[in-house]
Structures are given as C-alpha cells and as structure tokens.
Amino acid sequence: MLNFLRRKPPIDLASSTIWPALGRAMPLLAGLSEAEWNRLESRMNTFLAEKAISGAHDFELDETVLLTVAAQACLPLINLDDSAYRGWSDVVIYPASFISREAWRDASGLVHEGEQHVAGMARSDGPVLLSWPDSRRGPALDGRNVVIHECAHKLDMRDDSAANGFPPLHAEMDRAAWTKALSRAYADFSHKVANGFPVAIDPYAATDPAEFFAVVSEYFFELPHLLHLEYPAVYEQLRQFYRQDPGLRLPVIGVEEMEW
C-alpha cells in the first residue's frame, strides 16, 4: 500500500527561492522570449494550484521536484490555455521506476501481460504517474522526456476517449492533413522498426499511434531539428497543434547544421 505526501501549501513562483534560476538552467526552456516565459510561469502557477501532486512511498516533494515537473508539463501549454489540462487532477511522483500490471503492446505488435517497470503512465481514469529519476532533466537534450510524453497522452484523451494519436484539434487545423501526416509517418517508422532498420527516434514510437504521437511530441520539444529532418509533415502538424516552433529557439542537436 502506498504512502502519500500531499504538497502543501501550493508554491507561488513569485516567492520561490529557486525559481527562476532552476528554469533558466533547463536546456528545454532555452530561447523562450520574455512573453513566452511569462506565459510559462502563469501556466505553472495554475498547474501547481489545481493539480493534487503526491509523492509515492513517502517520496519527499520539495521545490525542485515540483517546479521541475511543472515546468516540463507546462511548456506545451505556453501558447494554449489552462483548460488544456482540465479533466484530470492527480499527479503521483515515484522515487524510482514503478511496476505496472496492465497489458502492453511492444514495438513489434505483440501484446504482453504481467509486471513491467515503467517510467511514467497517463491513466485514462485520471492520474499521471511519473518516476522522479526519469522526470529529472539532465544537462543535455536527448529526445526523451517522460513528463511531456505523459502530458501528450492527456491531450490525446481530451475527447474522453482512450489515447489513439488523434487528439482534438484546433478549429483552424485540417483533420485530413493531420491524419495523412501522422499515419504515413507511423507506417513508415513501424516498417523500419519491424524490419530492423536503424531509426533516429525512440523505437517505442512504433508501439501504436498513441505512443507515436507522445514520442514525437517529446522530440518536438527536445530535438526539433531531428524530428523535422525525419518527418517534416509531422513537425508541421505539431507546430500547429502546440502553436509554437521549438526549432526557432533551440540549438541544432543530433543532425548536421541546417538552415531553419
């Protein structure tokens, strides 16, 4: 049985002793304009006030943990509004990877049952579960971001369905263009993984369309130039969906110098 530590009182960024220095040191947030930074902080304050954030197994939730998770969770929202994460209220942070007993499908399409250690999970019945070691960001961007991954699943579930890789789109977006770009890229990527071809993106993206959307969202915010090189049509759809363009502000990593 899990023991939980409820965060209290809510953190106000204006009174934090470690913010904004903590955020300024995160490569993920490099290049944000002053206006974008202000919107990030606004989204973080809402996130920290509205989400019930708990530590599993007596894991202590200090300012560093809470602000690190909140900053990553809210980066995708800087040009959206606070309602994007409504419909769920709980975040549980574990001191290490944790065990899931739900059936899962691997990248080759096989369904497995039994225990597996996972770094994160977005449950359709409510909470987001995160491993702190996997949520804590290192000094370099590498395309892996469990917080953004699980939050992308929550965006995918906004129409009250299970995550399927086709989230509710903005009114100005073309559903047919989204379907064409994501479906073609997923089919191409899955073919490469299934046949043992080298891939530049995490092979876990081949699991199913929902995981493909979540993984390419990680790369969009961490290694945007690599994603753009591999699947430019997917990049364009994510640029419209998240209403931002990380490739304009982040350094080129993982690919040869390219004109943006």
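Is cysteine 151 buried or exposed? At 4% relative accessibility, cysteine 151 counts as buried. Keep in mind that this is a predicted model. The protein has 260 residues, and 48% of them count as buried. Its secondary structure comes to nine helices and nine strands.

**Overall picture**

- About 12300 Å² of the protein is exposed, and 51% of that area comes from carbon and sulfur atoms.
- Looking at contacts with a separation of 6 or more, 66% are between residues 24 or more positions apart.

**Cores**

- In soluble globular proteins, nonpolar side chains tend to be buried together.
- Here the largest nonpolar core has 73 residues. Leu29, Met44, Phe47, Ile93, Leu238 and Tyr242 are the ones with the most contacts inside that core.
- Another core, of six residues, lies apart from the largest one, and its members include Tyr94, Val118, Met121 and Leu129.
- Who does tyrosine 242 touch, once neighbours within four places in sequence are left aside? The list is Pro76, Asn79, Leu80, Ala152, Leu155, Phe213, Ser217, Phe220 and Phe221.

**Cysteines**

- You'll find zero disulfides in the structure.
- Why is cysteine 74 not bonded to cysteine 151? The sulfur of cysteine 151 is the closest cysteine sulfur to that of cysteine 74, but it sits 7.7 Å away, which is too far for a bond. For reference, the cut-off for a disulfide is a pair of sulfur atoms within 2.5 Å.
- Seen from the other side, cysteine 151 is in no disulfide either, and its nearest cysteine sulfur is that of cysteine 74.
- Cysteine 74 has 0% relative accessibility, so it counts as buried.

**Histidine 149**

- Histidine 149 is part of helix H5, which covers residues 146-156.
- With 7% relative accessibility, histidine 149 counts as buried, because the cut-off is under 20%.
- Its side chain makes a polar contact with the side chain of glutamate 218, at 2.7 Å.
- Leaving out residues up to four places away in sequence, histidine 149 touches Tyr204, Glu211, Ala214, Val215 and Glu218.

**Strands E2 and E3**

- Strand E3 (residues 90-94) has four of its five residues buried, so the rest of the structure largely encloses it.
- Strand E2 (residues 52-55) runs parallel to E3, and four bridges join the two.
- One pairing to look at is isoleucine 53, whose bridge partner in E3 is valine 91.

**Backbone oddities**

- Most residues other than glycine have a negative phi, and most peptide bonds are trans. The items below go the other way.
- Tryptophan 19 and proline 20 are joined by a cis peptide bond, with omega about 15°. Proline 20 is in the loop between strand E1 (5-6) and helix H1 (21-24).
- Histidine 57 has a positive phi, near 55°, and is not a glycine. You can spot histidine 57 in the loop between E2 and helix H3 (63-74). Its relative accessibility is 46%, so it counts as partly exposed.
- Arginine 243 also isn't a glycine, yet its phi is positive at about 55°. Arginine 243 falls in the segment after helix H9 (232-242). At 36% relative accessibility, arginine 243 counts as partly exposed.

Key. Residues are numbered from 1 along each chain as its sequence is written. This is a predicted model: local features need pLDDT of at least 70, side-chain atom pairs count only at pLDDT 80 or more; totals for chains, interfaces and linings use all residues. Side-chain values use heavy atoms; hydrogens and water are left out. A nonpolar core is a set of buried Ala, Val, Leu, Ile, Met, Phe, Trp, Tyr and Cys residues joined through side-chain atoms within 4.5 Å. Buried means under 20% relative accessible area, exposed over 50%, partly exposed in between (1.4 Å probe, protein chains only). Contact means heavy atoms within 4.5 Å. Accessible areas come from the Shrake-Rupley method with a 1.4 Å probe; for residues, only the protein chains shown count as cover. A polar contact is a pair of N or O atoms within 3.5 Å; within protein, one must be able to donate a hydrogen and the other to accept it, and residues adjacent in sequence count only if both atoms are side-chain atoms. Two strands pair if DSSP finds at least two bridges between them.
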